Amino acid sequence: MQLDPVALVAGVRLIACDEVASTNTQALDFARRGERGPLWVTARRQTAGRGRGGTVFVSAPGNLFASLLLTDPAPPAQAAQLSFVSALAVYDAIAGLAPSVAPLLSLKWPNDVLISRAKVAGILIESEIVAGRSLAAIIGIGVNCASHPRDIPYPATSLAACRAFVTPEQLFQALSASMLRRLAQWNRGADFASVRAQWLARAVGVGESIRVRLGARELTGRFEALDASGELVLRLPDGGTELIAAGEVFGMAEAGQPAER
């Protein structure tokens, strides 16, 4: 793995591993030991990858597994916006390297990247207060470059399955540059409005009927909008609305499974 020259000039660093339990876990461990970043941790293989809610994520060889550690990237209340920032960065990297699939790319709330509505990449944002005061934010990214899981109840795909032959190394280098550009645009949350607008321009599901899983609770309604802070505005069957800050979104035809990274 190599960083793009733009990232090197900006002082971003990289620790490329052959095998780790999870790149997110490894990055968080570095933060607990005083590392401040920006630091990428990559691995060719994960033995204990995980998705949101602690779900197990199978890490097939030939795919990209990378996590970016940032310290105090924004006020804590705005750190969740990194989901949208990083989704746009992944979108940019894939579109730049695989122009044949660029017209088929879209984004799903809050941070999945799709090709023809099949999941090709997932993102897991985790954060923790370290050293008593600093917020360590970890952006974990998994992209199906060579293969994708087939025994799951929602559509998934890989770049290779779409005849876009991009290696994890190529994708990571592009991502290390596109992430910097999107973070600069976001400007620690000061310009989330432009990030939100560009995310919405690439989004699927807005205006459609969806199911939202909130732990043991599940809601149905219409994905009406994305509010100014990035929360999903769900129009309920009784006409009321509910703001969703975090949850799993499924189309009405999907059996549903928590998103993975």
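How many residues lie between β5 and β6 in their hairpin, and which residue in the turn has a positive phi? I began with this question, and I keep in mind throughout that the model is predicted.

**Entry 1: the turn and its strands**

I found that 2 residues separate β5 from β6 in the hairpin, and that S116 in the turn has a positive phi of about 50°. I then followed the pairing outward from this turn and saw that β5 and strand β6, residues 118–130, are joined in the antiparallel sense by 3 bridges, with I115 standing opposite A118 in β6.

On the other side of the chain from β5, I looked up β4, which is joined to β5 by a hairpin of 3 residues. The two strands run antiparallel and share 4 bridges, with β5 covering residues 112–115. Among the partners I noted, S106 is bridged to L114 in β5, and K108 is bridged to D112 in β5.

Is β5 covered on one face or on both? I found both faces covered, since D112 and L114 on one side are buried, as are V113 and I115 on the other.

**Entry 2: the sheet of 7 strands**

I next placed these strands in their sheet, which is open, has 7 strands in the order β1-β2-β3-β7-β6-β5-β4, and shows mixed pairing. Why do β1 and β4 each have a side without a neighbour in the sheet? I read that β1, residues 13–20, and β4 stand at the edges with a single partner strand each, so one side of each is left free of a neighbour in the sheet. Ignoring direction, I noted that neighbouring strands of this sheet are turned by 20° against each other on average.

I also looked for what packs on this sheet, and I found helix α4 there, touching β1, β2 (39–46), β3 (64–71) and β7 (134–143). The direction of α4 makes about 30° with that of β3.

**Entry 3: R45 on β2**

I picked R45, which has its place in strand β2. R45 has 39% relative accessibility and therefore counts as partly exposed. Leaving out residues up to four places away in sequence, I listed D18, E19, V20 and F65 as the residues that R45 touches. With one of these, E19, the side chain of R45 makes a polar contact of 2.6 Å. I also compared the place of R45 with that of D112, and their C-alpha atoms are separated by 21 Å, while the two residues are 67 residues apart along the chain.

**Entry 4: N24 in α2**

Is N24 buried or exposed? I located N24 in helix α2, residues 23–32, and I count N24 as buried because its relative accessibility is 0%. I then looked at the polar contacts of the N24 side chain, and I found one of 2.5 Å with the side chain of S67 and one of 2.8 Å with the side chain of E126.

**Entry 5: the two sides of α5**

In helix α5, residues 192–201, I found F192, V195 and W199 buried. Seen down the axis of α5, the buried residues fall within an arc of 60°, so they line one face of the helix. This spacing reminded me that an α-helix has 3.6 residues a turn, so residues three or four places apart point the same way. On the other side of α5, I found A193 and A201 exposed.

Which elements do the buried residues of α5 pack against? I listed α3 (82–97), β4 (105–108), α4 (168–186) and β9 (217–226).

**Entry 6: the sheet of 5 strands**

I turned to the open sheet in which 5 strands follow the order β11-β10-β9-β8-β12, with antiparallel pairing. Here β11 (241–244) and β12 (248–251) stand at the edges with a single partner strand each, so one side of each has no neighbour in the sheet. From one strand to the next, I noted a twist that averages 45°. Strand β8, residues 209–214, pairs with β12 in the antiparallel sense over 4 bridges, and R213 stands opposite E248 in β12.

**Entry 7: confidence**

Last, I looked up the confidence of the model, and I found a mean pLDDT of 90 for the chain, with 92% of its residues reaching 70 or more. Over residues 255–261, however, pLDDT stays under 50, and for this stretch the model has 45 contacts beyond four places in sequence.

How values were computed
Residues are numbered from 1 along each chain as its sequence is written. This is a predicted model: local features need pLDDT of at least 70, side-chain atom pairs count only at pLDDT 80 or more; totals for chains, interfaces and linings use all residues. Side-chain values use heavy atoms; hydrogens and water are left out. Buried means under 20% relative accessible area, exposed over 50%, partly exposed in between (1.4 Å probe, protein chains only). The arc is that of the directions from the helix axis to the C-beta atoms. Contact means heavy atoms within 4.5 Å. A polar contact is a pair of N or O atoms within 3.5 Å; within protein, one must be able to donate a hydrogen and the other to accept it, and residues adjacent in sequence count only if both atoms are side-chain atoms. Two strands pair if DSSP finds at least two bridges between them. Axes are lines fitted to C-alpha atoms, for helices over the stretch in contact, and angles run from 0 to 180 degrees between N-to-C directions. pLDDT is the predictor's confidence in each residue, from 0 to 100.
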